[in-house]
Structures are given as structure tokens and as C-alpha cells.
Amino acid sequence: MSRSALDGENPASPLRGRWPAIWKANLGPAVAAGILALTFLLSIHPVATTDFFWHLASGDWILREHSVPRIDPFSYTAEGNTWIDLHWGFQIVLALLYRTIGMDGLTLFRAFLATATIALLLFGFIPRKLPFAGLGAVFLAVLASHERFLLRPELFSFLFLALTLLLLEKFFRNGSGRGVYLLIPLLVLWVNVHSLFILGWLLVGIGLSGEILDRVRSRWAALRPAGGVGGRREVMIPLAAILGLGMLATWINPFGIRAWSLPLLQLTGRISAGTLYSSSIAEFQQPFDAGTGTLAIVAWWVLAAVTALVVISRGHRLPTRHLLLFASFLWLAFRARRNLPLFSIVALPILIEPIRQSVAAFRPTRWRRVAGMGGRLLLVSLILLLMMAIGSNHFYLWERMDRRFGSGVLEGIAPVGAAEFLIERSLSGRLFHSLDDGGYLIWRAYPERRVFIDGRLEVYDEETYRSYLRALEEPQWFEELAARHGIRNVLWNHAQASIAHPLLNHLAHSDAWNPVYIDSASILFRKALPESLSAGEPAKLDLGSLPAMAILEAGRPPETVLDRFLKNLVPWRVEAPTTALRLGIQFALLGQPRQAETFLMNAVAAPHVPAEVPFDLGLVYESIGLSEKAVLKYEEARLLSGWSRDPLGMLFRRKFRTDVLFRLGDAYIASGMEDRGLPILAKAGRKGRARLFALEGFHLQSEGKVLAAIGKYKEALDLEPDGVNVLQNLGIALIADAIDNLDTSRSSGEKLEEAGAYFEKTVALRPGFAPAHLNLGLIRVQQGRLAEAGASFEEAVRYDPENSVPFYQLGQIWEEKGEDARALASYQRSVDLGLEDPFLLLQMAGIHARLGEDRKAIDLLRQLPLSDRIWNERIEQKPELIPLMKQISGTPSVPSAPPS
């Protein structure tokens with residue numbers, strides 16, 4: 001039987017050989033076109049990053065001033081600081097496009113840059129024969145990169161990186177070519193649009209180093225690269241020339257050689273793991289937390305794993321430059337998730353090289369053709385499904401991304417209404433605001449107003465950023481900043497409410513600050529003036545009585561023509577209730593649970609509700625003591641986050657699922673239904689099991705079984721070392737053990753020292769946890785470390801100024817130090833806060849007597865139980881009070897207790 005018969009090819013058939021050819025002719029290009037269309041659609045969304053606005057404002061500044069800024073003009077905290085603005089070329093393009101074709105034009109411009117980058121990868125690296133594996137890799141690269149399809153200069157870096165790779169790979173394959181010299185003008189252009197120009201120079205250096213190492217490897221047949229012997233003069237000499245000339249080319253910019261300092265600063269001081277920036281800015285964080293992962297991170301991990309397998313299995317035959325590319329760009333991706341697209345781009349030539357090497361030996365058998373057709377069909381179907389999901393917004397709803405299909409500016413991303421209010425009312429005083437709002441304020445309010453901080457972190461030193469974060473956590477520090485800089489206005493975006501809970505709570509309950517404006521995006525507080533000076537000031541808002549619908553509709557950015565067209569084009573698309581959700585969280589943090597409930601109920605009523613909405617409503621109910629209602633909402637969140645409703649969430653957001661179970665179990669217990677809550681907590685991961693141990697320890701401690709309780713608390717800490725409440729309870733249990741078991745082998749001093757260590761860890765994890773500061777102070781008093789005790793009590797007062805106990809303890813410390821006036825003030829404050837303790841009155845009477853204020857001392861003494869023998873003995877211990885007691889009794893001796 002002939003080979004053609006075995007393969008099912010009938011020579012007599014008019015269709016002989018046509019089906020495979022048809023599939024090759026149509027599905028390959030169809031997949032490529034689908035990937036490009038998918039990239040284009042993923043780039044069509046409103047502006048979702050406020051860094052866009054300071055880039056736009058900078059472009060306007062350059063066009064207006066006819067120069068590139070070298071000193072920061074926009075901020076009052078970075079005044080005089082050097083600004084190496086390598087993005088100036090991008091900013092000019094941005095400003096010119098905005099002036100001529102507006103936001104819709106910028107949306108299409110972004111889509112063009114992203115699609116052009118992917119087109120270079122598709123048509124520059126994918127071989128015509130065996131394209132499926134390469135198409136799949138590009139598809140993964142698109143998914144891994146789509147979060148960074150933003151109107152930021154890195155889009156140019158993605159395009160230039162792909163072009164640099166293409167020119168170098170073509171040069172290495174051909175062994176010669178004048179096209180590689182295009183890298184020099186490309187580097188000149190690159191250094192004037194983005195700080196990642198260093199990657200172009202790095203690629204040339206990796207290529208040259210790889211060629212040299214290939215020469216060394218060629219001495220051993222087992223390690224010889226498939227491309228042949230390295231160290232070719234026709235390759236090395238041009239590369240060495242480009243490397244040197246490229247270094248000089250990157251000095252052709254307004255800042256000269258100083259341009260190199262910006263990328264080096266970003267690599268070493270901004271996106272390093274464990275830095276202040278990586279701990280608080282999502283794009284600087286590492287892509288390791290699969291429990292809160294997104295489709296982009298998952299796609300990147302798949303791409304990285306496949307690339308790693310190729311390197312491991314074929315590394316001995318790959319060119320050394322590919323091995324160096326893999327290692328260096330994998331390192332970059334591990335440092336920060338913003339670098340995932342960079343690895344995704346350079347992975348393409350690494351993955352394609354083994355395919356290219358095997359093309360000559362490939363035989364397209366029947367089963368291989370069937371597998372290829374099936375793979376292409378699957379890929380086309382998946383692309384079509386994603387495109388429909390993007391157009392209907394289901395994709396972003398599944399991804400929990402603050403993004404939608406459309407144009408313009410995303411709702412709630414910029415303080416549109418609040419900025420107009422500030423400008424129209426000409427409110428005096430400087431402005432404090434979130435980092436994310438800084439960019440928009442620069443664009444809209446400069447030069448009348450300068451900002452506190454914005455996304456140009458290279459302009460601000462680390463101390464300024466640290467001070468900004470501290471102000472969000474410590475209201476007292478914020479007040480010091482406000483006094484130092486003349487801040488009279490605080491504008492805060494609802495999207496950033498959770499990171500500034502202590503500050504917002506302080507502003508909402510302080511008599512010194514008034515809410516004067518609120519809309520769907522942000523809230524504005526203004527420092528109150530004395531009534532005699534308040535003429536013309538905006539009126540204080542009653543947050544508890546504002547109409548919810550009016551707030552929801554206010555402050556939205558204007559709709560663009562393209563956005564309106566896309567809404568009509570896809571009338572069935574869904575809208576996530578993001579605005580109502582944010583307002584609900586904001587009002588909850590402002591201490592307005594009823595208003596928070598109104599907004600969250602509005603969000604819950606939306607047609608397509610993510611599980612986070614009922615979950616947040618449950619948190620609100622729990623905060624006001626309505627545990628039964630909280631249980632219902634947590635159950636709803638549990639249902640919405642299950643496999644049937646949210647399969648992607650089950651795969652990528654396991655941490656949220658665990659949080660739902662944890663809060664649900666806790667709410668059942670708070671409702672008195674431990675039999676239902678305890679099994680749910682057991683399913684809530686390590687956090688849930690730690691909670692079970694902590695609850696068991698609490699029950700044992702309440703029964704007086706302190707040692708057993710300590711053991712359970714420590715078991716809880718083994719599972720959750722950062723459990724603040726467990727640390728606090730363990731410290732209290734150790735204090736009780738120190739008091740109750742003085743005759744054990746461990747001294748009470750050792751137990752108190754251990755308890756103090758747990759309280760110190762508690763305040764390190766949560767600086768605003770006042771009870772831990774108070775307990776730490778009490779321990780330091782017992783240890784005779786009065787200075788440290790006083791500092792702890794002052795922290796307790798800062799975070800809980802309505803608690804009388806730390807004021808009382810501070811009074812004792814001041815009295816011990818002989819500072820009677822300060823001690824008396826602290827004692828009086830504790831009395832004003834409701835502390836009823838006869839011994840406190842005795843202490844205050846003694847101080848008044850020492851200060852010569854006999855009448856005040858006598859008034860306090862008259863409130864004591866003077867008929868009690870014990871109190872007479874205490875008074876006798878204060879010689880300054882004995883003469884006053886004689887005045888009260890009219891006898892030469894202190895009255896004794898009546899006979900029993």
C-alpha cells in the first residue's frame with residue numbers, strides 16, 4: 001500500500017491534498033488576525049491611570065515654555081528637586097494629539113502602539129512553517145501584557161524592545177546586514193521617550209557577550225549551539241561598534257549622561273523587593289501571590305514555565321544570548337509585576353529558536369496536521385470568546401479590573417468635580433491628597449495650585465514618600481504636616497479610602513475639619529475657621545443626610561464620541577457597580593454606616609454583582625453590630641464566589657474566598673451560632689484554623705486556665721504570626737500568669753518581658769492599636785522603665801484620645817518625676833473622660849496642696865470616704881494634706897473610722 005493511501009490521500013480524488021492546504025491557508029492567518037484584533041480590543045478602554053495626566057500636563061508645560069523641565073515645577077514638597085524627565089518626547093506627542101484629536105484619538109493611539117508591538121512579534125519571529133506553537137506563545141504574551149496597555153511611555157519601550165530584538169535576531173541569523181545599524185538612531189529616539197532605553201543597550205551587550213561565549217562553547221560538541229560556531233568577526237565587530245556608539249547615542253538627550261541615573265534608580269531603589277515602594281504600590285510588587293492573581297499573572301507564569309522547560313531541555317543547543325536573555329528578563333519580572341510584558345516579549349525568540357532548528361526535519365504527517373488544525377481551531381475559538389467578553393465587559397468583571405471597554409476617562413479615577421470646586425471657589429491654603437490624584441491635579445489646577453505628591457516618584461525623596469504614608473496612618477503626624485505646609489484642604493479619592501482609614505476617620509470626627517464637597521469620585525475636607533472669620537467659606541456638609549443618588553451622579557467625567565458609539569455598538573454589555581461600592585466603603589470608613597448601607601444596597605441591586613459587593617456590605621453590618629445581617633451577606637458572597645458563578649475567581653482569587661469563609665464563620669459565632677461557625681472557620685485556611693485556636697484560648701482564659709490558654713494562643717501564632725488580636729491576648733495572658741504564679745520556675749519579670757515583646761510586635765504590625773500601647777506602658781511601669789512607659793501611654797492617647805486610663809497613667813509618671821502641673825492636667829483629663837476612682841481624687845488633692853491651691857484640694861478631699869480607716873491611713877502618708885484635714889474636721893487630729 002502506498003504512503004499516500006496510508007495517509008488517506010486518494011490520487012483520484014479532486015480534493016487530493018486540498019483540506020490541509022485550506023486549513024493552513026486560512027486558520028494560520030485567522031489566528032494571527034484574531035490575536036491582533038484581541039490586542040486592539042484590550043487597548044480600547046478609558047484612561048485608568050492618573051499618571052497619564054501629569055504626562056499630559058508636562059507636555060503642555062514643554063510646549064508652553066519651549067524647554068524641558070529640569071527642576072520640578074508642580075509640587076510644593078519637591079520644590080527645587082532635580083527632575084530628569086526622559087519622557088518629554090512622549091509627553092509632547094501626548095499633548096499634541098490631545099489638542100488635535102482629543103481623548104478618543106489618544107485611545108486609538110494607545111491601541112495602535114500595542115497592536116504594532118504584537119504585530120512585530122507575529123510577523124518578525126513566527127516561522128511560516130509550524131506556526132501554531134509560536135502563535136500560542138504570542139497569545140500568552142498578549143494576555144500577560146494586557147494590564148500594561150496604558151497611556152504611558154512604556155508602550156514605546158515595548159515597541160522598541162520588540163524592534164530591537166527583531167533587528168538583532170535577523171542580524172545573527174544572516175551573519176551580516178546593515179539594518180542592525182538602525183539600532184543607533186533607535187536608541188536616540190528611545191532615550192527621549194522612556195527610561196527603559198537601557199534595555200536596548202543591554203540587548204546589544206547580551207548579543208555581543210553571547211557571541212563570545214558561543215565561541216568558547218563550540219570547543220565541546222555537546223555544548224555547541226545549533227547555529228554554529230560563535231565569535232564571528234563579521235558579527236562581533238558591528239556589535240562592538242553599536243555597543244560603543246549606542247552608549248554615546250543615549251547621551252543625546254536634554255540631560256546628557258545623567259539620563260542613566262534614572263533607570264538605575266528605578267531598578268535599585270524603586271522596584272527592589274522589600275522597599276518602601278514595593279510594599280505599598282501594586283505595580284512594584286512581585287508576581288508571586290497566586291491567591292490574588294489575575295489572568296495576566298497566570299498567563300505569564302504559563303509562558304515563563306514553558307520557556308523555562310525549553311531552556312532546560314534545549315539549553316545546550318540554544319545560543320548563549322538566549323540563555324542570557326532568559327535569565328536577565330526573568331530576574332526583572334520577578335522584581336516587579338510591571339516588568340511582565342518585557343519578559344513576554346523576549347521569550348518569543350527563545351521559544352521559536354528550537355522550532356526553527358527543527359523545521360528542516362519536520363514531516364507533516366496526517367496526525368500532526370490534525371493536531372495542528374485542532375489547536376488552531378481551539379485558539380481561534382478562545383480568541384473569539386475573549387473578544388466578545390471584552391466588548392461586553394464580562395472580561396473585566398471576571399478579572400476584577402478597574403477597567404471597561406470604551407474611551408475617555410474612567411469614572412471615579414480622577415477628582416473631576418472636586419478639582420472644579422476648588423478652582424471655582426478659590427479656596428485658600430495648600431492641598432493634601434492621595435498620590436493617585438496628584439497627576440490630575442497637576443493637569444487641571446496648575447499653576448494656581450501645586451501638589452503634595454504624585455506619581456513622579458523619581459522627583460520625591462524617600463523621606464517625603466514615607467512622610468506621606470505616615471500621615472495616612474497617624475492623624476497627629478498629619479496635623480504636624482498641615483501646620484508645617486499650610487494645608488487647609490484634604491481631597492481624597494474613594495478608590496483609595498481603605499489605605500487612609502485612620503486619617504479619614506480623624507477628619508470626619510474632628511471639630512477642626514469640615515466636609516465641604518463630595519461626589520461619586522472623591523470627598524473634600526477643609527480646615528474650619530473661627531466663626532468670626534468664616535464668611536465666604538463653603539458650608540459644612542451633613543454626611544448622614546445627603547441624597548445618595550445625587551452623589552452617585554455628580555463628578556463624572558464627560559462622555560466622548562467614541563465612548564458613546566461603543567456603548568451603542570454593544571448595548572448588552574454589563575457595568576460593574578464600582579462607584580456605588582466605593583462610596584459604600586468610604587461612608588463606612590467615615591463612620592456613616594446607614595449611608596454606607598444605602599450605597600452598598602444600590603450596588604447589590606445591580607444586574608451583575610461581583611462577590612466583593614455583598615462581602616463589603618457584610619463588613620458594614622458587622623461593624624455596627626448586626627451580625628445576623630452580616631451572615632446573610634457573607635453567605636451571598638460565598639455563593640457568588642463559588643465554581644458555578646465565578647470559576648476564574650476560584651482559580652485566581654483563593655485568598656478572597658478564604659476571607660469570605662473566615663468572616664462568615666466569625667459572624668456566625670458573633671450571632672451565637674458556634675455550631676455553624678466553627679466548621680466554616682475550619683475550612684478558612686491557616687487564618688481560620690488560627691482563629692479556632694485563638695477562640696479556644698479565649699474560652700480557657702475566661703475559665704481561669706491561663707497556662708492552657710497561652711498554649712492555644714501560641715498555636716494560633718504558629719499558623720498566623722501576624723495576628724494582632726492573638727498577640728494582644730497572649731500578652732494579657734502572660735501578665736495574668738505572672739501575677740497568679742509567682743512561685744514557678746520562671747520569674748514574673750521574665751513573663752512580663754515576654755508579654756512586652758508580644759505587645760511590641762503588636763504595635764509594630766498595627767501602630768494605631770491603642771490597647772497594645774497601653775498594655776506595653778503598664779508593663780514598662782512595672783519594670784521601672786518610666787520613660788518608655790510614658791512614650792507608650794502617649795501613643796495610646798494619640799490613637800484613642802477618649803480613653804481615660806492612659807491619661808491617668810501619664811499623670812502618675814509626671815507626678816513621679818515631680819512635674820506636678822503636667823500630672824494634674826493628665827489627671828484632670830482622665831476625670832473629664834469619666835474615670836471614677838477615689839485614689840485619683842486623693843492624688844489630685846495632694847498636687848493642689850503642693851501648689852498652694854488649698855481650696856481646690858479641700859473640695860476634692862470632701863468627696864473621699866473620710867470615715868474609712870484605710871483612707872485615713874492613705875491621707876496620713878501625704879503630709880501636705882494633714883493640715884487641710886484639720887480644717888475639714890475642726891479637730892487637731894485626723895478623724896478615725898467609726899466603731900464597727
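## Surroundings of Thr294

Leaving aside neighbours within four places in sequence, Thr294 is in contact with Glu147, Arg337, Glu399 and Phe652. The model in which these contacts occur is a predicted one. Thr294 has its place in the loop between helix 10 (261-270) and helix 11 (295-314), and Phe652 lies 358 residues away from Thr294 along the chain, although the C-alpha atoms of the two are separated by 6.0 Å.

The relative accessibility of Thr294 is 11%, and because residues under 20% are classed as buried, Thr294 counts as buried.

## The chain as a whole

The secondary structure of the protein chain comes to 41 helices and four strands. Of its 900 residues, 54% count as buried, while the chain exposes about 39300 Å², with carbon and sulfur atoms supplying 59% of that area.

Among the contacts in the protein chain with a separation of 6 or more, 69% are accounted for by residues 24 or more positions apart; the pair Thr294 and Phe652, in contact with each other, is 358 residues apart.

## The four-stranded sheet

The four strands of one open sheet follow the order 1-2-4-3, and their pairing is mixed. Strand 1 (430-433) and strand 3 (513-518) stand at the edges and each has a single partner strand, so that one side of each is left without a neighbour in the sheet. On average, and with direction ignored, neighbouring strands of this sheet are turned by 25° against each other.

Strand 1 pairs with strand 2 (residues 487-493) in the parallel sense, over four bridges, and within this part of the sheet Arg430 stands opposite Ile487 in strand 2.

## Helices on the sheet

Helix 17 (residues 435-445) packs on the sheet, where it touches strand 1 and strand 2, and the direction of helix 17 makes about 135° with that of strand 1. Helix 20 (residues 501-509) lies across strand 1, strand 2, strand 3 and strand 4 (522-527), and runs at about 55° to strand 4.

## A helix pair

Elsewhere in the chain, the axes of helix 6 (residues 154-174) and helix 9 (residues 233-249) come within 9 Å and cross at roughly 150°, which makes helix 6 roughly antiparallel to helix 9. The crossing in which helix 6 passes helix 9 is right-handed. On the side of helix 6 the contact is made by Leu168, Phe171 and Phe172, and on the side of helix 9 by Glu234, Val235, Pro238 and Leu239.

Definitions and conventions. Residues are numbered from 1 along each chain as its sequence is written. This is a predicted model: local features need pLDDT of at least 70, side-chain atom pairs count only at pLDDT 80 or more; totals for chains, interfaces and linings use all residues. Side-chain values use heavy atoms; hydrogens and water are left out. Two strands pair if DSSP finds at least two bridges between them. Helices (H or I, at least four residues) and strands (E, at least two) are DSSP runs, numbered from the N terminus. Axes are lines fitted to C-alpha atoms, for helices over the stretch in contact, and angles run from 0 to 180 degrees between N-to-C directions. Contact means heavy atoms within 4.5 Å. Buried means under 20% relative accessible area, exposed over 50%, partly exposed in between (1.4 Å probe, protein chains only). Accessible areas come from the Shrake-Rupley method with a 1.4 Å probe; for residues, only the protein chains shown count as cover. Angles under 35 degrees count as roughly parallel, over 145 as roughly antiparallel, 65 to 115 as roughly perpendicular and the rest as oblique. A crossing is left-handed if the near helix is turned anticlockwise from the far one by less than a right angle, and right-handed if clockwise.
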